[in-house]
Amino acid sequence: MADYDVIVIGAGNAALAASVSARGAGAERVLVLEKAPEQDRGGNTHYSGALFRFAFNHPDDLLRLVPKAHEAPGFMEGIEAYPAEAFREDLERVTDGRTDPELSQILIANSYDTVCWMAKQGMAFELALSLSGVRVGGVIKWPKGAIVRAAHEGVGLSRMWFNIARQAGVEIRYGSPAQRLVQDRKGRVCGVLARDKEGVREISAGAVVLGCGGFEANMAWRAQYLGRPWDHARVRGTRHNQGDGLRMAMEIGAMPWGQWSGCHATPINAEAPPYGDRELTDKTNRLSYVYGVMLNKLGLRFVDEGEDQNLYTYAKFGGIILNQPGAVAWQIFDRKAVDLLEPRYSTSRPVTADTLGGLTDQLAFDRKAAMRTLTEYNAAAGHGTFNPGVRDAMHTARLALAKSNWAQKLDTPPYYAFPVTGGITFSFGGVKVSDQAQVIGTDWDPIAGLFACGEMVGGLFHNNYPGGSGLMSGAVFGRIAGRSASAAARTAA
Ligand SMILES: Cc1cc2nc3c(=O)[nH]c(=O)nc-3n(C[C@H](O)[C@H](O)[C@H](O)COP(=O)(O)OP(=O)(O)OC[C@H]3O[C@@H](n4cnc5c(N)ncnc54)[C@H](O)[C@@H]3O)c2cc1C
């Protein structure tokens, strides 16, 4: 008899969802192997804002997750339904039509049911007010589909998953990196070679689930697959996601899938630490650029800051900033925008001045060019009516690089500049999985006994990403992987 029915590798959102799901589906002995020591546990999940994007047909559907939400003033009035077609349209638009149709269908179709399943397991949710809601008059305007997060953000999400897993009888070993997958003579994955303080040992299992993240923390892989200057990028989350699971799977013939040259990266405070800080978590993000302009060291704008709501552009703008000279930029706002800045901005001190000239004097860039850019922007801005809660079409006219929404003039002192760089969140390239989360080999056949979930699933995201989809994907495919692994373990026994 195998040591365990199911071994799950990793202990983030996806892996713990898989472990709980495996128990729920009948696997009696479920072991989670986590590389990090206990005090560093939780993977990227710990650092996340814990926003979950899911499809729902009626605002009341949210009350299953946040039952007291209707007591929040202006909450229900500001919500629009987010049917499956809207989720699909968003995913297709931001990925330039490249999202894997089969996987995205599974993600979307299972999204609401999966957050309800999480709530049933004991996960508490709350409104993602500080992340995505904007108060306009008495009403909170929400970007569609991105309204709810796990209570107490990623720290809470991770802690609740560990509690739920423990209560479900899942065994968790910290400081135990998996090194290699073990196969029987027929090629079925039947265990793992794992390391701990005592040494290296083989642990057998009926099935194995890989949920151990992407390669975002691995400098060499970033250089190899993402190219320059990604080896210099700061990492927003865990140090431990080094591509181990992808390597182990591909060593036994798993098929790489999705955009291996792409990743999720966001504008973050230029002084952010090289890896995620467990206290600061996602507070280094700087996503209110939609209400101002961004200038690089040459004093030039380089994106349409108002192309779309920030949850549809932030994941690609980080990479664009990283590719500017010196990998830095400044986000510039005037007094009018200050009350709209996300609370996270309060974790760093901006440069301030009473004139734009006084501001540019203090910044390390081509001052003349910067003043020319800001003057030209101000001359072109202000066409339309400003409304922070929707794409308001307030635009610039006759400007070579337009700003399409929220293009207010920068004309009300004081002025503020926040230095930003691009921080990598997770890599998009992964392995191919089936609709049962089974890992597919380069021969296009499933690898018996092997399942994958979370950042390791390739194909969903390309070039960009709609905010809140990563955790949702992890939970959906984690839940499926756990169920499938449990069934596979029964067959193997
Ligand atoms: C700052 C930040 C904010 C974010 N905010 C959001 C958000 O609001 N909404 C959203 O949808 N997404 C968000 N994301 C993205 C999302 O959090 C991650 O993509 C998601 O948590 C990944 O889950 P996972 O389970 O696949 O991986 P992880 O949570 O990273 O877990 C992987 C685990 O595997 C372990 N591991 C690695 N190698 C091995 C090995 N060899 N053996 C054993 N264990 C191993 C790691 O230590 C880690 O614990 C954010 C990410 C960051 C960094």
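Five bridges tie strand S9 (residues 178-183) to strand S10 (residues 189-196), and the two strands run antiparallel. That is a handy place to start a tour of this predicted model. The protein chain is divided into domain 1 (4-256 + 429-492) and domain 2 (264-423). The points below go from strands to helix packing, then to the domains and a few backbone details.

**Hairpins around S10**

- Gln-183 has Val-189 of S10 as its bridge partner.
- The hairpin of S9 and S10 has five residues between the strands, and in this hairpin Gly-187 takes a positive phi near 95°.
- S10 is also joined to strand S11 (residues 199-210), this time by six bridges, and these strands run antiparallel.
- The hairpin from S10 to S11 passes through two residues.
- If you would like a pair to click on here, Asp-196 stands opposite Gly-199 in S11.

**A three-stranded open sheet**

- Three strands make up an open sheet with the order S3-S7-S4, and their pairing is antiparallel.
- Strand S3 (51-52) and strand S4 (125-127) are the edge strands, each pairing on one side only.
- Between S3 and strand S7 (residues 148-150), which run antiparallel, there are two bridges.
- Leu-51 is found opposite Arg-149 in S7.

**Helix H1 and its partner H6**

- Helix H1 (residues 13-24) packs with H6 at an angle of about 20°, and their axes are 10 Å apart.
- H1 and H6 are therefore roughly parallel to each other.
- The crossing in which H1 passes H6 is left-handed.
- On the H1 side, the contact is made by Asn-13, Leu-16, Ser-19 and Val-20, while H6 brings Leu-157, Trp-161, Phe-162, Ile-164 and Ala-165.
- Sorted by class, this contact of H1 with H6 has seven nonpolar, two polar and no charged residues.

**Helix H1 and its partner H13**

- H1 also meets helix H13 (residues 469-492): the axes come within 7 Å and cross at roughly 35°.
- Here H1 passes H13 in a right-handed crossing.
- Residues of H1 in this contact include Ala-14, Ala-15, Ala-17, Ala-18 and Ala-22, and among those they meet in H13 are Gly-474, Gly-478, Gly-482, Phe-477 and Arg-483.
- The contact of H1 with H13 breaks down into eleven nonpolar, seven polar and two charged residues.

**Helix H4 across H13**

- Helix H4 (residues 101-121) is another partner of H13, with axes that come within 9 Å and cross at roughly 85°.
- That makes H4 roughly perpendicular to H13.
- From H4, the residues Ile-106, Leu-107, Asn-110, Ser-111, Thr-114, Trp-117 and Met-118 meet Met-472, Ser-473, Ala-475, Val-476 and Arg-479 in H13.
- Seven nonpolar residues, four polar ones and one charged residue make up the contact of H4 with H13.
- Ala-475 and Arg-479 of H13 are worth a look, since they are listed in the contact with H1 and in the contact with H4.

**How the two domains meet**

- The centres of domain 1 and domain 2, taken over C-alpha atoms, are 31 Å apart.
- In the contact between them, 30 residues of domain 1 touch 30 residues of domain 2.
- On the side of domain 1 that touches domain 2, at least two residues each come from helix H2 (43-47), helix H5 (129-132), strand S5 (134-136), helix H6 (153-167) and strand S12 (234-235).
- H6 gives the largest share of that side, three residues.
- By class, the residues on that side of domain 1 are 13 nonpolar, twelve polar and five charged.

**Backbone details to check**

- The peptide bond from Arg-228 to Pro-229 is cis, with omega near -5°.
- Pro-229 sits in the loop between helix H7 (219-226) and S12.
- Another cis peptide bond runs from Pro-413 to Pro-414, with omega near 0°.
- Pro-414 belongs to the loop between helix H12 (367-380) and strand S18 (415-427).
- Ala-327 is not a glycine, yet it has a positive phi of about 60°.
- You will find Ala-327 in the loop between helix H9 (314-322) and strand S16 (329-334).

Notes
Residues numbered from 1 in each chain as written. Predicted model: local features only at pLDDT ≥ 70, side-chain atom pairs only at ≥ 80, totals over all residues. Domains from an automatic or database assignment. Contact = placed C-beta atoms within 7 Å. Helix = DSSP H or I, 4+ residues; strand = E, 2+ residues; numbered from the N terminus. Nonpolar A, V, L, I, M, F, W, Y, C, P; charged D, E, K, R; others polar. Axes fitted to C-alpha atoms, helices over the stretch in contact; angles between N-to-C directions. Parallel < 35°, antiparallel > 145°, perpendicular 65-115°, else oblique. Left-handed = near helix turned anticlockwise from the far one by under 90°. Pairing = 2+ DSSP bridges.
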